[in-house]
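The following exercises ask the reader to work through the architecture of one protein chain. Each task is followed by a solution in steps.

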Amino acid sequence: MPHPSGSTSRPATTPFTVNGRTYCPPPRPVAVLCLDGCGDEYLDVSLAHGSMPHLGRLTQQGYRGMVRGALPSFTNVNNAAIVTGLPPAQTGIGGNYFLDPDSGEEVMMNSSRYLRADTILAAAATAGRRVAMVTAKDKLREILSHKMQGISFSAEKANQAVVETHGITDVETIVDRPTPPIYSADASLFVLHAGVRLIEQGLADFLYLSLTDYMQHKYPPEAAESLDFYRAMDTEIGRLVELGAIVAATADHGMNAKTKLDGSPNVLFLESLLTQRFGAGIRVICPITDPYVVHHGALGSAVTVYLPPALNVAEVARWLIELPGVTEVYDRALSARKLELPADRIGDLFVLSARDVVLGRTPEHHDVSALAGPLRSHGGRYEEMVPMVLSGPLRPEYVAKAAADPRNFDIFDFAVNGVHA
Ligand SMILES: [Zn+2]
């Protein structure tokens with residue numbers, strides 16, 4: 001059920017505990033932003049060009065640093081981690097896509113039935129906050145709003161939101177913008193503007209705003225299109241701060257060019273290579289796979305490999321790590337420990353590739369002609385470190401936390417508990 005709309009009452013400050021952490025919300029709006037695909041260099045270049053004056057001010061008055069995301073550095077994995085405050089081993093979401101051990105089928109992991117933890121958003125709503133969860137891609141909406149009382153909708157399907165399932169209707173009027181195409185800068189800008197409008201109208205005081213990385217897949221930081229996009233995002237961030245919100249921004253992953261020097265995609269087709277060397281029956285699953293193929297052609301820098309029982313796992317791992325372009329190979333048990341992955345939802349091996357290399361199955365499996373431009377992608381170690389920006393100065397214990405090994409999925413803790421209100 002939605003909360004009564006348009007309330008101007010003070011935001012609730014009742015503490016709540018979820019997934020082992022207690023959150024003591026301040027009496028002001030809190031807006032956590034996931035700037036999808038925002039490697040720190042996008043902020044650096046935009047700041048240097050004067051495209052982000054509000055962010056520049058936040059950096060001076062508040063905090064800007066780096067946090068470590070969850071691996072594989074994919075969207076669903078990190079969004080699930082952020083809304084729960086937990087690593088993938090505990091959320092159960094280790095990819096966009098996986099091989100369901102029960103059915104043997106390859107399926108999208110975008111349903112809340114795969115989520116193994118409660119969310120901070122649902123707990124905040126139960127504690128009396130007016131919660132809104134707005135995503136660019138509709139694929140994330142259902143999983144991130146799991147068991148949550150409040151508002152949830154996507155930019156992609158904004159005009160389809162209805163009170164019964166989304167806690168809101170007539171979104172285009174409330175946001176004062178038409179539903180944007182998913183392959184656009186507007187898909188992300190709509191989400192941020194929705195956050196502004198929901199706070200302005202007293203409809204929400206605890207928000208998670210999750211964008212899409214279409215622009216970062218398409219353009220490097222110094223492109224004019226990127227600078228325009230970051231300037232427009234900065235305007236919305238400025239409005240959120242003006243409205244009295246604590247603004248906390250991080251990313252799900254960074255983004256790197258995955259091309260050879262001639263600009264062609266730099267791909268290792270692992271299933272083909274493994275089959276050539278070890279024979280039939282080997283399956284490579286690309287956990288980046290999702291319906292938005294224009295972004296990346298289902299090519300990222302992490303895959304998991306299922307081997308037939310006859311093969312020796314250690315021998316295959318040894319062969320893989322020798323391949324130029326492969327940087328890390330772990331068996332299932334090590335993946336669970338070192339990469340914090342759910343052991344029952346990965347194959348026998350988990351493989352990461354170099355900064356400029358992506359991993360695929362077979363040439364036939366990936367339609368690189370669908371790509372909108374030179375391949376830029378993510379998924380591995382080199383897209384793991386992402387920025388964290390907070391609009392206010394940190395309390396002393398959070399200064400220490402920020403200097404240690406903070407994670408992008410600590411962002412709600414930092415925003416709610418760590419900023420001087
Ligand atoms: Zn992403």
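Two strands are said to pair if DSSP finds at least two bridges between them. The structure examined here is a predicted model.

**Exercise 1. State the strand order of the four-strand sheet, identify its edges and describe one of its pairings.**

Solution.

Step 1. The four strands form an open sheet in the order β13-β14-β16-β15, and the pairing is antiparallel.

Step 2. β13 and β15 (326-331) are the edge strands, since each of them pairs on one side only. From one strand to the next, the twist averages 25°.

Step 3. Three bridges connect β13 and β14 in the antiparallel sense. Within this pair, V284 has V305 of β14 as its bridge partner.

Step 4. A helix also belongs to this picture: α14 (residues 313-322) lies across β15 and β16 and runs at about 170° to β15.

**Exercise 2. Determine the strand order of the seven-strand sheet and explain what is special about β4 and β8.**

Solution.

Step 1. The order of this open sheet is β4-β19-β10-β3-β9-β7-β8, with mixed pairing.

Step 2. β4 (63-68) and β8 (151-154) are at the edges, and each has a single partner strand; therefore one side of each lacks a neighbour in the sheet. The twist between one strand and the next averages 15°.

Step 3. A general principle helps in reading such an order: strands of a sheet pair through backbone hydrogen bonds, either parallel or antiparallel.

**Exercise 3. Describe how β9 is paired with β3 and β7, and decide whether its residues are buried or exposed.**

Solution.

Step 1. Strand β3 (residues 30-34) runs parallel to strand β9 (residues 206-210), and five bridges join the two. V30 is found opposite F206 of β9.

Step 2. Strand β7 (residues 131-135) is likewise parallel to β9 and joined to it by five bridges. Here V131 has F206 as its bridge partner in β9. F206 thus appears in the pairing with V30 and in the pairing with V131.

Step 3. In a regular strand the side chains alternate between the two faces of the sheet. In β9, F206, Y208 and S210 point one way, while L207 and L209 point the other way.

Step 4. A residue counts as buried when 20 or more other C-beta atoms lie within 10 Å of its own. Five of the five residues of β9 are buried, so the strand is largely enclosed by the rest of the structure.

**Exercise 4. Classify the packing of α2 against α11 and name the residues that meet.**

Solution.

Step 1. Helix α2 (residues 53-61) packs against helix α11 (residues 224-242) at an angle of about 50°, and the axes are 7 Å apart.

Step 2. The two helices are therefore oblique to each other.

Step 3. On the α2 side the contact consists of P53, H54, L55 and L58, which meet D234, I237, G238 and V241 of α11. Five of the contact residues are nonpolar, two are polar and one is charged.

**Exercise 5. Which residues of α12 are buried, and against which strands do they pack?**

Solution.

Step 1. In helix α12 (residues 270-278), the buried residues are L270, E271 and L274. The arc that they cover around the axis is only 95°, which means that they are on the same side of α12.

Step 2. An α-helix has 3.6 residues a turn, so residues three or four places apart point the same way.

Step 3. The buried residues of α12 pack against β12 (267-269), β13 (283-285), β14 (302-306), β16 (349-353) and β17 (358-360).

Step 4. After α12 comes G279, which has a positive phi near 95°.

**Exercise 6. Locate D356, classify its exposure and list its contacts beyond four places in sequence.**

Solution.

Step 1. D356 lies in the loop between β16 and β17.

Step 2. D356 counts as partly exposed because it has 16 C-beta neighbours inside 10 Å.

Step 3. Apart from neighbours within four places in sequence, D356 is in contact with N256, A257, K258, T259 and N266.

Note on methods
Residues numbered from 1 in each chain as written. Predicted model: local features only at pLDDT ≥ 70, side-chain atom pairs only at ≥ 80, totals over all residues. Axes fitted to C-alpha atoms, helices over the stretch in contact; angles between N-to-C directions. Parallel < 35°, antiparallel > 145°, perpendicular 65-115°, else oblique. Contact = placed C-beta atoms within 7 Å. Nonpolar A, V, L, I, M, F, W, Y, C, P; charged D, E, K, R; others polar. Buried ≥ 20, exposed ≤ 12 C-beta atoms within 10 Å, placed from the backbone. Arc of directions from axis to C-beta.
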